[in-house]
Amino acid sequence: MTRFRAAFCFILVLNAASRIVPTLADNAVPVLLWGGSVSPDSEKSAVNPFLKTSSKEFDLFLRKRLENLPPVLLYVKDNLCTEDLVKHKQQLQKMTTGDSLHYFPAVERAVDTLEDLPSYNQTYSDYADSASDGQLLIVPISNFDAIPETYKTIKESTSNLITILTGKSCSYNSYIRSERVKRETANEKNFTILGDYVLLYSSHPLLLQFNGTNTELSSPTVIDNKGKNSVNMTLTFNETKIADVVKHKLDFIFKILTSGYYSLKTISYTRIYKDSTEKGGTQKEVTLETNRDIVFPFNFSYHCSQNVTFKQNLSEVSSVLLNIKNLQVQIDAKSLKNSNRTKVFSDAYDCVGFTTIPIWTGIFVTAILALIMIWGLSMIIDIRTMDRFDDPKGKTITISAAD
């Protein structure tokens, strides 16, 4: 039963590896090792076909496995891949059944690691009939047909023989092989503000458009306070992309409605100039408005995946625009810094309402189909059948035009 289980597991491992293992590198080749005494640890060993075994890890395994210097028969093939083992699995199964079996899907520099084994005398031979303790017998092969005969001859004279099958490289033309590479995520700079009362997030830095010049605003100084009827948050940005402008200030005004809702309708924008003489003052303040209803209840957040735009004048072409992408904002009744809360939003009110364009389209099409069905049913109900029939023995029925 133990031999059958070992052979069955070997076949499953080879089949799984041939389908799952990608090409790990040109110098990473499979290694199949069998022989010696059957140990319980070898029966329980599991193979992960995704992992690559380094030459150092393989060397540590060999030193532990070959601690008593048993004779080693090494078959080396110039080109060996996992697909080759699967193709000749029945032939290999006859030789490995009943022995302690170890399989490595991909080992770096396997042949070099085996040739560097200490305390082993290396012998290169195309044909041999015996092997002694402490001897590494290396047999180059071109195909799998030469393995059974050589292995049977040496195995009969050497009971504690350990056999290893590996290759110098792997290049299998029938498969398109590729390295498993971890994809890099997009390196996007998000914009997060955590004040005393306001938690604000945007997937991109705030984009300020002033007289056709776009400026990304990030890393501000935050000051927020809560009044009786509103919560104000002031963001100060030190920017130098606009000529003579040294600072930008954005004052978010969250009004508290009597119905228990917050509302954000306007943002006060102030730009501070470097030269007050030429500009007629150090500051110039404008009010930016949005046509989107940003309203959300207490203890909830507001989210909008669409661009939220604040303009200087909604009815005309504005010279100052503020775009916020993927906006999410929340205002807490308690101070965020004094509580144990982290940067996590509560349930959100989304800017997309219930009746979206697809929903309206479905309602419109359903209404048309319903009208057609009602009209068809009314026409069927209005059909009049004959209520008088001609009697062949009686007088002929005469129907006037009035009937």
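In what order do the five strands of the open sheet run? In this predicted model, the order is E7-E8-E19-E16-E20, with mixed pairing. Strand E7 (191–194) sits at one edge and strand E20 (348–350) at the other, and each of these pairs on one side only. Going from one strand to the next, the twist averages 15 degrees. As background, strands of a sheet pair through backbone hydrogen bonds, either parallel or antiparallel.

Let's zoom in on the E20 edge. Strand E16 (residues 301–304) and E20 run parallel, and three bridges join them. If you want a specific pair to click on, take Ser301: its bridge partner in E20 is Ala348.

## The disulfides

Staying with E16 for a moment, what does Cys304 form with Cys351? The two form a disulfide, with their sulfur atoms 2.2 Å apart. Cys304 is in strand E16, while Cys351 is in the loop between E20 and H9, so this pair links distant parts of the chain, 47 residues apart. The link is right-handed, with 75 degrees about the S-S bond. Is Cys304 buried or exposed? Its relative accessible area is 0%, so Cys304 counts as buried.

The count of disulfides comes to two, and the other one joins Cys81 and Cys170, whose sulfur atoms are 2.0 Å apart. Why does this pair tie together parts that are 89 residues apart in sequence? Because Cys81 lies in the loop between strand E2 (72–79) and H4, whereas Cys170 lies in the loop between strand E6 (162–169) and E7. The link of Cys81 and Cys170 is right-handed too, with 120 degrees about the S-S bond. Both Cys81 and Cys170 are buried.

If you number the bonded cysteines of the protein in sequence order, the pairing reads 1-2, 3-4.

## The salt bridges

How many salt bridges does the model have? The count comes to four. In general terms, side chains of opposite charge can pair when their charged atoms come close. Here are three of the pairs, with the N to O distance for each.

| Pair | N to O distance |
|---|---|
| Asp59 and Arg63 | 2.7 Å |
| Lys168 and Asp78 | 3.7 Å |
| Arg109 and Asp112 | 3.6 Å |

Take Asp59 and Arg63 to begin with. Both lie in helix H3 (residues 55–65), four residues apart, which is about one turn of the helix. Their surroundings can be read from accessibility: Asp59 has a relative accessible area of 17%, so it counts as buried, the cut-off being under 20%. Arg63 comes in at 44% relative accessibility, so it counts as partly exposed.

The Lys168 and Asp78 pair reaches across the sequence. Lys168 lies in strand E6 and Asp78 in strand E2, so the salt bridge ties together parts that are 90 residues apart in sequence. Those two strands may ring a bell: the loop holding Cys81 is between strand E2 and H4, and the loop holding Cys170 is between strand E6 and E7. Cys81 and Cys170 are buried, whereas Lys168 and Asp78 are exposed.

As for Arg109 and Asp112, their side chains meet at 3.6 Å, N to O. Arg109 is partly exposed, with a relative accessible area of 44%. Asp112 is partly exposed as well, with a relative accessible area of 34%.

## Helices H4 and H9

Two more spots are worth a look. Asp84 is found in helix H4 (residues 82–87). Asp84 has 11% relative accessibility, so it counts as buried. Which distance separates the C-alpha atoms of Asp84 and Pro30? They are 9.7 Å apart, with the two positions 54 residues apart along the chain.

Over on the surface, Phe364, Val365, Ile368, Leu369 and Ile372 form a nonpolar patch. Together these residues have about 490 Å² of accessible area. One of them, Ile372, has its place in helix H9 (residues 357–381). Is Ile372 buried or exposed? With 52% relative accessibility, Ile372 counts as exposed, because the cut-off for that label is over 50%. Helix H9 also marks one end of the loop that holds Cys351, which lies between E20 and H9.

Definitions and conventions. Residues are numbered from 1 along each chain as its sequence is written. This is a predicted model: local features need pLDDT of at least 70, side-chain atom pairs count only at pLDDT 80 or more; totals for chains, interfaces and linings use all residues. Side-chain values use heavy atoms; hydrogens and water are left out. Two strands pair if DSSP finds at least two bridges between them. Axes are lines fitted to C-alpha atoms, for helices over the stretch in contact, and angles run from 0 to 180 degrees between N-to-C directions. Patches are made of residues with over 30% relative accessible area and no salt bridge: like charges are joined within 9 Å, nonpolar side chains (Val, Leu, Ile, Met, Phe, Trp, Tyr) within 5 Å. Accessible areas come from the Shrake-Rupley method with a 1.4 Å probe; for residues, only the protein chains shown count as cover. Buried means under 20% relative accessible area, exposed over 50%, partly exposed in between (1.4 Å probe, protein chains only). A disulfide is a pair of cysteine sulfur atoms within 2.5 Å.
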